[in-house]
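Please consider the structure shown here, beginning with a helix and its surroundings and ending with the contact between two chains.

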2 protein chains.
Amino acid sequence: MNDAVNTEKPAKILKKARGRPLAFNQDEVLDKALNVFWSRGYEGASMAELSEALGINKPSIYAAFGNKESLFRKALERYNSGPVAFVGEAMKAPTAQQAVEKLLTQAADLFSDETTPNGCMIVQGALTCGQSAHPIQQELIAYRGNFEDMLTQRFDLAKKQGDLPSNVNSKQLAKYIATIHQGMSVQATSGATRQELLAVVKMAMKNWPS
Amino acid sequence: MNDAVNTEKPAKILKKARGRPLAFNQDEVLDKALNVFWSRGYEGASMAELSEALGINKPSIYAAFGNKESLFRKALERYNSGPVAFVGEAMKAPTAQQAVEKLLTQAADLFSDETTPNGCMIVQGALTCGQSAHPIQQELIAYRGNFEDMLTQRFDLAKKQGDLPSNVNSKQLAKYIATIHQGMSVQATSGATRQELLAVVKMAMKNWPS
DNA sequence: TATATTATGTACCGATTGGTAAATAAATAA
DNA sequence: TTATTTATTTACCAATCGGTACATAATATA
């Protein structure tokens, strides 16, 4: 637009916004919203409760994040890039077995972490719901499907690299691991401790194909 | 149970009710309510939807079953004595391994049965929720706990009977099986087929202690 | 300074929530 | 028949749901 002013000075990276500035940090607020959705689920979290938890009046929430559905999706992105970022990292372990062990162990840590809600938001965000929450329910189903696909691909790679027998069915193994993972989430919401979850992981890893 | 000798009156097995008779069969209606709660969850099922699904006006529902919470509990009883009655039966199998195999196989059948909602009502009835549904959430957690206790006792018995090594930790094994079971429920709500669930069961049973 | 722009707080919207009052209908008992 | 009892229907309740109109406050620009 108007770059005539910028000729004298080096580029000013942060141009100031024009109107009244936001009274809150967007990411911090999304983390608070994540916390509510994570513990209550999509339907169980009311805009009134969100407004109070965020310390922001509803019109400001709608102005900054759109409607409830949009707020949920943005909180979900924070969940994936924050608490659950370890998942992608775990896949980089040298062998599939190590990758899964890392994945499930860190999942046990997260699901039972006392500084965050119990369990996995992608599992309990909208497992069942009324019709209005159907799009969110479908989105979470897709997320879980992607998780499984990621495992499948990791196992395919492991077969190529030789650390997994070639007769292993990658998809089936992925579904088995995903089932354990999701079961652990249910266990955690019911109050299972970190030690209990880790014992489950140990048992699940016992029959690793070799 | 009742060995009462009908001394006073000639046996009147069915005493007619005094006022206007119910226009519906209570158990049939509870099964319809079960169906709604099972697929929608406690919070996702509105009284309006229930009223329509049951074919009964709300005041009649309240008169016959109490409030929403009470209706849910009664539907849950139907669930346990109906679709899930096989659980207790499975425990009677001669060995713990056979019992668990039976349990999980039949769970796979039920969770993917196309004539009923997918997954397990006790898992997805109120995994997360708002505050008003807290009592129901707690009740379902207790149900899952009882399920685990039942498994633990079956494994203790198996250790006594010698079909399970004495060094096995019954509680840990029970939690592992419960985790698989609950994970299978999440898988089923996400659309997993019967075959896929059976493959998971097969993998889970592979590392049975011996 | 005045103006344009954006965010905030108050106060509200129609729709839906779980739940019920009151009139009426259908049965038994006297 | 008449009275009593119970169930159903219609119409409604206050509270809460997600969402917003509008006036005001705070900033950058001119």
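The paragraphs below describe a helix, its packing partner and a contact between chains. The model is predicted.

Helix α8 of chain A covers residues 134-161. With 1.5 Å for each residue, its 28 residues should span 40 Å, and the end C-alpha atoms lie 41 Å apart, which agrees. After α8(A) comes A:G162, with a positive phi near 90°.

Several residues of α8(A) are buried, among them A:I136, A:L140, A:F147, A:L151 and A:F155. The elements of chain A that cover the buried residues of α8(A) include α1, α4, α6, α7 and α9.

The packing of α8(A) with α9(A), residues 170-189, can be described further. The two helices pack at an angle of about 130°, and their axes are 8 Å apart. Angles of 65 to 115 degrees count as roughly perpendicular and those over 145 as roughly antiparallel; α8(A) and α9(A) are therefore oblique to each other. Their crossing is right-handed. On the α8(A) side, the residues in contact include A:R144, A:F147, A:L151 and A:F155, while α9(A) contributes, among others, A:L173, A:A174 and A:I177. By class, this contact has seven nonpolar, two polar and six charged residues.

The contact between the chains takes 34 residues from chain A and 34 residues from chain B. On the chain B side, α1, α7, α8, α9 and α10 each supply at least two residues. Among these, α9(B) gives the most, with 11 residues. The residues on the side of chain B that touches chain A comprise 12 nonpolar, 16 polar and six charged.

Note on methods
Residues are numbered from 1 along each chain as its sequence is written. Chains are lettered from A and ligands numbered from 1 in the order in which they are written. This is a predicted model: local features need pLDDT of at least 70, side-chain atom pairs count only at pLDDT 80 or more; totals for chains, interfaces and linings use all residues. Axes are lines fitted to C-alpha atoms, for helices over the stretch in contact, and angles run from 0 to 180 degrees between N-to-C directions. Helices (H or I, at least four residues) and strands (E, at least two) are DSSP runs, numbered from the N terminus. Angles under 35 degrees count as roughly parallel, over 145 as roughly antiparallel, 65 to 115 as roughly perpendicular and the rest as oblique. A crossing is left-handed if the near helix is turned anticlockwise from the far one by less than a right angle, and right-handed if clockwise. Two residues are in contact if their C-beta atoms, placed from the backbone, lie within 7 Å. Ala, Val, Leu, Ile, Met, Phe, Trp, Tyr, Cys and Pro count as nonpolar, Asp, Glu, Lys and Arg as charged, and the others, Gly among them, as polar. The expected span of a helix is 1.5 Å times one less than its number of residues. A residue is buried if 20 or more other C-beta atoms lie within 10 Å of its own, exposed if 12 or fewer, and partly exposed in between; C-beta atoms are placed from the backbone.
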